[in-house]
Amino acid sequence: MIRAGIGYDSHRLVVGRPLILGGQRIPHDRGLEGHSDADAIAHALTDAILGAAAMGDIGRLFPDSEPKWKGADSMVLLRLACEQVAGGGFTPRQADITVILEGPRLARFIPAMIEGLSRATGIAADALSIKAKTNEGMGFIGRGEGVAVMAVATVEST
Ligand code: MG
């Protein structure tokens, strides 16, 4: 049986932090603020996969009250979440991700993101999609104050 899950994440863009999205460090004058590395792509995908398996969410698995996860590599958290999901009898099969940010342009980083996310989740690279778009200057994203990510993932019960 195939099950679908949805994930959403947003983080504030601040000076003095690296910008890490989909496991890639993107050259930019600001980065995402958060307890972990604030990789909103990894977080949204983690929630989509956990949601598909009905196994909670990233905040329940890796609470930000836990010093252990401070500065955590979110690709590692994604991998750990997939191990949990596998333990529950589910295999991640496919994901589609939309990143909404006013800049910088992500296109040239997307192939490497897909490769890394494929390694972390076990999802075939040709079943992983990442799309980036701007918010046409509107709202907090349009003002460059933050980034939002939506993800859908499917898992197969094994
Ligand atoms: Mg997050």
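Guide: A residue is called exposed when its relative accessible area is over 50%, buried when that area is under 20%, and partly exposed in between. The model discussed here is predicted.

Visitor: Is E136 buried or exposed?

Guide: E136 is found in the loop between β6 (128-133) and α5 (139-142). Its relative accessibility is 66%. The cut-off is over 50%, so E136 counts as exposed.

Visitor: What is the phi of E136?

Guide: Most residues other than glycine have a negative phi. E136 is not a glycine, yet its phi is positive. The value for E136 is about 55°.

Visitor: Which residue in the loop between α1 and α2 has a positive phi without being a glycine?

Guide: The loop in question joins α1 to α2. The residue has a phi near 55°, and at 60% relative accessibility it counts as exposed. The residue is A54.

Visitor: Which two residues are joined by a cis peptide bond?

Guide: Most peptide bonds are trans. Here, however, one bond has an omega of about 0° and is cis. One partner, P104, has its place in the loop between β5 and α4 (110-121). The joined residues are G103 and P104.

Visitor: How many helices and how many strands does the protein have?

Guide: From the N terminus on, the order of elements is β-β-β-β-α-α-α-β-α-β-α-β. Counting each kind in that order gives five helices and seven strands.

Visitor: What is the radius of gyration of the protein, and why is the protein described as compact?

Guide: The C-alpha atoms fill a box of roughly 45 × 35 × 25 Å along the principal axes. For 158 residues the globule rule gives 15 Å, and the radius of gyration of the protein is close to that, so the protein is as compact as a globular protein of that length. The radius of gyration is 15 Å.

Visitor: Among contacts between residues at least 6 apart in sequence, what percentage join residues at least 24 apart?

Guide: Contact here means heavy atoms within 4.5 Å. Of the contacts between residues at least 6 apart in sequence, the share that join residues at least 24 apart is 71%.

Visitor: Which residues supply the protein donors of the magnesium ion?

Guide: The donor atoms lie 2.2 to 2.8 Å from the ion. In sequence the donor residues follow the spacing D-x1-H-x31-H. The donors are OD atoms of D9, together with NE2 of one histidine and ND1 of another. The donor residues are therefore D9, H11 and H43.

Visitor: How many residues apart are H11 and H43?

Guide: H11 belongs to strand β1 (residues 2-14), whereas H43 belongs to helix α1 (residues 40-52). Both H11 and H43 are buried. The pair links distant parts of the chain, and the separation is 32 residues.

Visitor: Which residues are the closest to the centre of the largest pocket?

Guide: The largest pocket holds about 250 Å³ of space. Its lining is formed by 13 residues, and β1 and α2 (58-61) each supply at least two of them. By class, the lining has five nonpolar, six polar and two charged residues. The closest to the centre are S36, H43, I58, F62 and D64.

Visitor: Is R60 buried or exposed?

Guide: R60 lies in helix α2. Its C-alpha atom is separated by 30 Å from that of P111, 51 residues apart along the chain. With a relative accessibility of 60%, R60 counts as exposed.

Visitor: What distance separates the C-alpha atoms of R119 and R79?

Guide: R119 is in helix α4 and, at 56% relative accessibility, counts as exposed. R119 and R79 are 40 residues apart in sequence. From C-alpha to C-alpha, the distance is 8.5 Å.

Visitor: Which residues does D96 touch, not counting residues up to four places away in sequence?

Guide: D96 lies in strand β5 (residues 90-100) and is partly exposed, with a relative accessible area of 29%. The C-alpha atoms of D96 and V152 are separated by 5.3 Å, although the two are 56 residues apart along the chain. The residues D96 touches are S129, K131, M150, A151 and V152.

Key
Residues numbered from 1 in each chain as written. Predicted model: local features only at pLDDT ≥ 70, side-chain atom pairs only at ≥ 80, totals over all residues. Heavy atoms only, no water. Donors = N, O, S within 2.8 Å, 3.2 Å for Na, K, Ca; no water. Helix = DSSP H or I, 4+ residues; strand = E, 2+ residues; numbered from the N terminus. Buried < 20%, exposed > 50% of the residue type's maximum accessible area, 1.4 Å probe, protein only. 1 Å grid on protein atoms, 1.4 Å probe; cavity = no way out; pocket = protein on both sides within 12 Å on 5 of 7 lines; lining within 4 Å. Points joined across faces, edges and corners; volume = space filled by probe spheres on them. Nonpolar A, V, L, I, M, F, W, Y, C, P; charged D, E, K, R; others polar. Rg over C-alpha atoms; globule rule 2.2 N^0.38 Å.
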